[in-house]
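Biologist: Please take a close look at one part of this model, beginning with how its strands are arranged and moving on to the space beside them. A formal account suited to a first-year student would be welcome.

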Amino acid sequence: MDPKEKSAVTRVFRFAPSPNGYLHLGHARSALINQAMAAACGGRFLLRIEDTDVTRCRPEFIAAIEEDLAWLGLDWEKPVRRQSEHFADYRMALDRLDQAGLLFASFESRSELAALSYASGEGARDPDGTPLYPGLGKTLSLAERRRRIAAGAPHALRLDMAKALARLDRPLTYGESGYGDAETRVARPELWGDVVLARKEVPTSYHLSVVVDDALQGVTDVVRGRDLEAATAIHRLLQALLGLPTPRYHHHALILDAQGKKLAKSAGAEPLRALRRRGVTPAEARAMAGLEPV
């Protein structure tokens with residue numbers, strides 16, 4: 001593509017929350033930064049609902065997300081993509097990886113994996129602090145794996161990291177601009193071990209669905225918090241394996257609480273709707289999120 005033609009391509013940004021709780025100021029910062037960056041380059045701003053966890057995601061949270069974003073003054077393209085309506089897309093990607101011999105099934109429960117990790121002592125951990133999978137699923141024959149799956153055994157489908165890395169002919173890199181000037185970084189997916197890409201009860205994972213969706217929606221710029229920066233290594237690997245385009249990445253600073261920890265739903269961060277109830281205006285909320293009022 002001619003450089004002039006490339007520069008004329010409309011850039012696409014997205015804010016992609018999970019509706020398993022109410023939005024807080026950390027979410028507001030990410031959404032507002034996405035919208036501001038899209039506006040600055042004449043780009044598009046999308047809202048995507050990442051609701052693959054059907055046990056925790058609820059319709060009232062989806063309605064609250066749209067209400068909170070509208071209150072902040074944001075607008076987005078319609079219709080909104082909901083991941084729970086597109087499991088077939090993720091299944092197709094899984095099938096491609098499976099046909100390439102890059103997946104294997106593991107059958108240990110979370111408690112069994114925790115016990116194995118405890119028994120083996122302090123082993124290697126992934127960037128999120130979770131012990132790397134000990135690899136027991138790889139010792140099963142293909143026939144035994146198929147027998148267990150056919151019998152309805154709970155299982156996870158994992159990426160065989162060693163086989164996946166062997167398919168690469170060059171280091172994985174990505175563009176990062178969240179720390180100032182744009183720079184090229186090298187991704188290290190091996191730090192994650194044999195990551196889960198799907199489970200029997202949920203036929204996808206965050207890593208797989210976000211990569212597939214970004215490609216299908218033509219997302220050119222992934223703008224998100226630095227807590228998700230390490231996951232970029234897995235996403236770059238999946239993009240390479242599936243032949244998908246690589247977006248630009250911008251991992252912005254997080255809002256921290258009084259203890260120096262990131263704001264989180266699970267930690268009881270004050271929701272945006274609570275700010276509204278106590279009289280905070282949209283302009284004040286934007287300032288609290290670290291953005292200039294408009």
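Modeller: Two strands are taken to pair if DSSP finds at least two bridges between them. The model is a predicted one, and the part chosen here is an open sheet of 3 strands in the order β4-β5-β8, with antiparallel pairing. β4 and β8 stand at the edges, and each has a single partner strand, so one side of each is left without a neighbour in the sheet. On average, neighbouring strands of this sheet are turned by 30 degrees against each other, direction ignored. The pairing of β5 (residues 156–159) with β8 is made by 3 bridges, and these two strands run antiparallel. One such link has Ala156 as the residue whose bridge partner in β8 is Arg199.

Two strands of this sheet also help to line an open space, the second largest pocket. The volume of that pocket is about 440 Å³. It is lined by 21 residues, and those closest to its centre are Asp98, Leu103, Ala105, Ile149 and Leu157. The elements that supply two or more residues to the lining are α4 (87–99), β4 (103–106), α6 (142–150) and β8 (196–199). Both edge strands of the sheet, β4 and β8, are therefore found in that list, beside two helices. Among the central residues, Leu103 and Ala105 fall within β4, Asp98 within α4 and Ile149 within α6. Leu157 falls within the range of β5. By class, the lining of this pocket holds 9 nonpolar, 2 polar and 10 charged residues.

Further along the chain, a hairpin offers a second example of antiparallel pairing. Strand β6 (residues 173–176) is joined to strand β7 (residues 183–186) by 4 bridges. Glu176 has Glu183 as its bridge partner in β7. The hairpin leaves 6 residues between the two strands, and Gly180 in the turn has a positive phi of about 125 degrees.

After β8 in the sequence comes helix α8. Of the 11 residues of helix α8 (residues 206–216), 8 are buried, so this helix is largely enclosed by the rest of the structure. The buried residues of α8 are His207, Leu208, Ser209, Val210, Val211, Val212, Asp213 and Asp214. Gly218 follows α8 and has a positive phi, near 70 degrees.

Helix α9 shows a similar picture of enclosure. In helix α9 (residues 232–242), 10 of the 11 residues are buried, so this helix too is largely enclosed by the rest of the structure. Among its buried residues are Ile234, Leu237, Leu238, Gln239 and Leu241. α9 is followed by Gly243, which has a positive phi near 70 degrees.

The surroundings of these two helices also include a closed space. Rolling a probe the size of a water molecule over the atoms shows where empty space is left. A search of the whole structure finds 1 cavity of 30 Å³ or more, and the volume of the largest cavity is about 30 Å³. Val211, Asp214, Ala215, Val219, Gln239, Pro245 and Pro247 line that cavity. With 3 residues, α8 gives the most to this lining. Val211 and Asp214 belong both to the buried residues of α8 and to the lining of the cavity. Gln239, a buried residue of α9, also takes part in the lining. By class, the cavity lining divides into 5 nonpolar, 1 polar and 1 charged residue.

Between α8 and α9 in the sequence lies strand β9 (residues 221–225), which includes Asp221. Asp221 has a relative accessible area of 4% and is therefore counted as buried, the cut-off being under 20%. The C-alpha atoms of Asp221 and Arg14 are separated by 7.8 Å, although the two residues are 207 apart along the chain. Another link between remote stretches involves Ala283, which lies in helix α11 (residues 282–288). Ala283 and Gly73 are 210 residues apart in sequence, yet 9.1 Å apart in space, C-alpha to C-alpha. Ala283 is partly exposed, at 29% relative accessibility.

Definitions and conventions
Residues numbered from 1 in each chain as written. Predicted model: local features only at pLDDT ≥ 70, side-chain atom pairs only at ≥ 80, totals over all residues. Heavy atoms only, no water. 1 Å grid on protein atoms, 1.4 Å probe; cavity = no way out; pocket = protein on both sides within 12 Å on 5 of 7 lines; lining within 4 Å. Points joined across faces, edges and corners; volume = space filled by probe spheres on them. Nonpolar A, V, L, I, M, F, W, Y, C, P; charged D, E, K, R; others polar. Buried < 20%, exposed > 50% of the residue type's maximum accessible area, 1.4 Å probe, protein only. Axes fitted to C-alpha atoms, helices over the stretch in contact; angles between N-to-C directions.
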